[in-house]
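Welcome! Please work through the exercises below with the structure open beside you, and try each task before reading its solution.

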Amino acid sequence: MRVTMIGTGYVGLVSGACFADFGHTVVCVDKDPSKIERLNRGEIPIFEPGLEQLVADNVKAGRLSFAVDGSEAIRNAEIIFIAVGTPTRRGDGHADLSYVYAAAEEIAGLIQDFTVIVTKSTVPVGTGDEVEAIMKKANPNAQFAVVSNPEFLREGAAIEDFKRPDRVVIGVEDERAKAAMAELYRPLSLNEFPVVYTSRRTSELIKYAGNGFLAMKITFINEMADLCEKVGADVQQVAKGIGLDGRIGSKFLNPGPGYGGSCFPKDTIALVRTAQHYGAPVRLIETTVEVNDARKLAMAEKIRAAIGGDIAGKTVAILGLTFKPNTDDMRDSPSLAIIPALQAMGAKVTAFDPEGMKEAGHLLSDVTFATGPYEAAAGADAVVILTEWDQFRALDLPRLKDLMARPLMIDLRNVYRSQEVRADGFDYVGVGKP
């Protein structure tokens with residue numbers, strides 16, 4: 001099939017490359033000339049394991065291309081995906097849909113034969129209706145159907161998630177569009193991955209409800225971690241004990257410094273605003289947002305207390321800056337709240353992240369960025385594991401101890417066993433530990 005992807009951000013680029021790998025002909029369009037130039041040179045603007053090779057293979061095969069001017073690609077497409085950003089709108093917390101609506105208006109003036117228009121961007125309930133209205137107004141004679149097809153990609157595992165998904169959700173109310181989407185995703189149906197067809201509004205809400213529930217689950221185990229510290233219990237054993245219950249499950253029960261990233265923060269806020277707009281407030285999600293915001297600042301206090309109270313002039317080494325491993329995404333990362341809070345207390349901060357330091361350099365000030373974990377820890381009064389990158393899981397602890405001013409590890413991801421770290425002469429502070 002002939003597919004056009006509007007937007008080459010995380011979702012658009014990964015989805016476009018994967019559809020091309022299924023055998024479809026895909027053109028990815030973006031208004032940013034520098035991004036398209038980089039892609040045409042084979043440079044990938046984001047870090048995602050396996051993506052560079054996937055893009056290169058499909059470009060070489062002639063199935064994947066990139067363009068700034070999408071006019072021809074839009075006219076020739078059977079299916080057009082809108083995969084542009086929907087950031088939180090300043091002032092009111094609603095999703096900013098201006099890019100989605102602008103794309104819809106542009107598409108309307110170019111399509112010729114019947115075309116399926118798919119919102120891949122995360123959008124509030126009713127956005128598909130508005131896209132349809134905008135297109136009809138812009139071109140009353142246009143033949144099209146608007147479909148909702150939310151993405152469920154985990155950064156760091158996006159290609160695997162796309163090709164072996166838990167489910168594919170398609171909100172469609174036109175039989176021609178449904179047949180086109182079935183053909184598009186036919187390679188997945190051959191492997192019997194579930195494709196769920198719903199109404200368009202239901203599909204739009206599934207995405208927000210899913211992210212809201214997962215954010216709530218993370219926040220729940222973080223609160224249990226705080227309780228464990230007070231009563232002398234071990235949160236990891238608590239998580240295992242409840243996670244073995246099939247009704248609960250073990251995923252997203254890892255305590256830490258709070259959730260971040262491109263989805264959970266903005267989607268939970270957008271869900272809250274949508275629910276308030278319709279007069280059906282989601283109190284659990286509202287509380288989740290508040291608790292998660294407070295969690296990040298509480299972690300700075302936890303670090304201060306572990307060091308001894310007064311950290312003015314002390315050096316804190318931060319290992320991990322991105323919101324999770326295997327990505328360079330710094331959006332709403334806990335580090336963006338924790339590091340400034342430590343600096344406000346008078347601490348000096350050194351940091352290392354395998355992929356996130358370039359972006360972190362634009363977002364953080366007065367941080368000394370190191371070339372590796374040992375350089376970051378040299379002379380430090382504490383080392384803080386903030387993101388659980390694999391290379392932080394097997395540090396040479398005797399070497400680390402010799403480099404530090406004080407052998408103190410504050411493990412906000414519970415990467416290490418406390419007894420093993422203490423056996424190497426460290427003071428150790430984990431999350432949710434007695």
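**Exercise 1: Charges over rings**

In this predicted model, the charged end of Arg 399 lies over the ring of Tyr 374, 3.8 Å from the ring centre.

Task: Find which ring has Lys 178 over its face, and at what distance from the centre.

Solution: Start at Lys 178 and look for the ring beneath its side chain; that ring belongs to Tyr 197. Then read off the distance to the ring centre, which is 4.7 Å.

**Exercise 2: A pair between two helices**

Task: Classify the aromatic pair of Phe 19 and Phe 162, and work out which parts of the chain the pair ties together.

Solution: Begin with the full search, which gives eight aromatic pairs in the whole structure. For Phe 19 and Phe 162, the centres are 5.0 Å apart and the planes are at 90 degrees. Angles over 60 degrees count as edge-to-face, so this pair is edge-to-face. Next, place the residues: Phe 19 is in helix α1 (residues 10-21) and Phe 162 is in helix α7 (residues 158-163), so the pair links parts 143 residues apart in sequence.

Now, are these two residues buried or exposed? Phe 19 has a relative accessible area of 0% and is buried. Phe 162, at 6%, is buried as well.

**Exercise 3: Another pair, and a cluster**

Task: Classify the pair of Tyr 259 and Phe 264.

Solution: The ring centres of Tyr 259 and Phe 264 are 5.9 Å apart and the planes meet at 85 degrees, so this pair is edge-to-face. Both Tyr 259 and Phe 264 are buried.

Task: Name the residues that ring pairs link into a cluster with Phe 19.

Solution: Follow the ring pairs, and the cluster includes Phe 22, Phe 81, Phe 162 and Tyr 185 along with Phe 19.

Technical notes:
Residues are numbered from 1 along each chain as its sequence is written. This is a predicted model: local features need pLDDT of at least 70, side-chain atom pairs count only at pLDDT 80 or more; totals for chains, interfaces and linings use all residues. Side-chain values use heavy atoms; hydrogens and water are left out. Rings of Phe, Tyr and Trp (its six-membered ring) pair if their centres lie within 6.5 Å; planes under 30 degrees apart count as stacked, over 60 as edge-to-face and the rest as tilted. Helices (H or I, at least four residues) and strands (E, at least two) are DSSP runs, numbered from the N terminus. Buried means under 20% relative accessible area, exposed over 50%, partly exposed in between (1.4 Å probe, protein chains only). A charge sits over a ring if NZ of Lys or CZ of Arg is within 6 Å of the ring centre and within 35 degrees of the ring normal.
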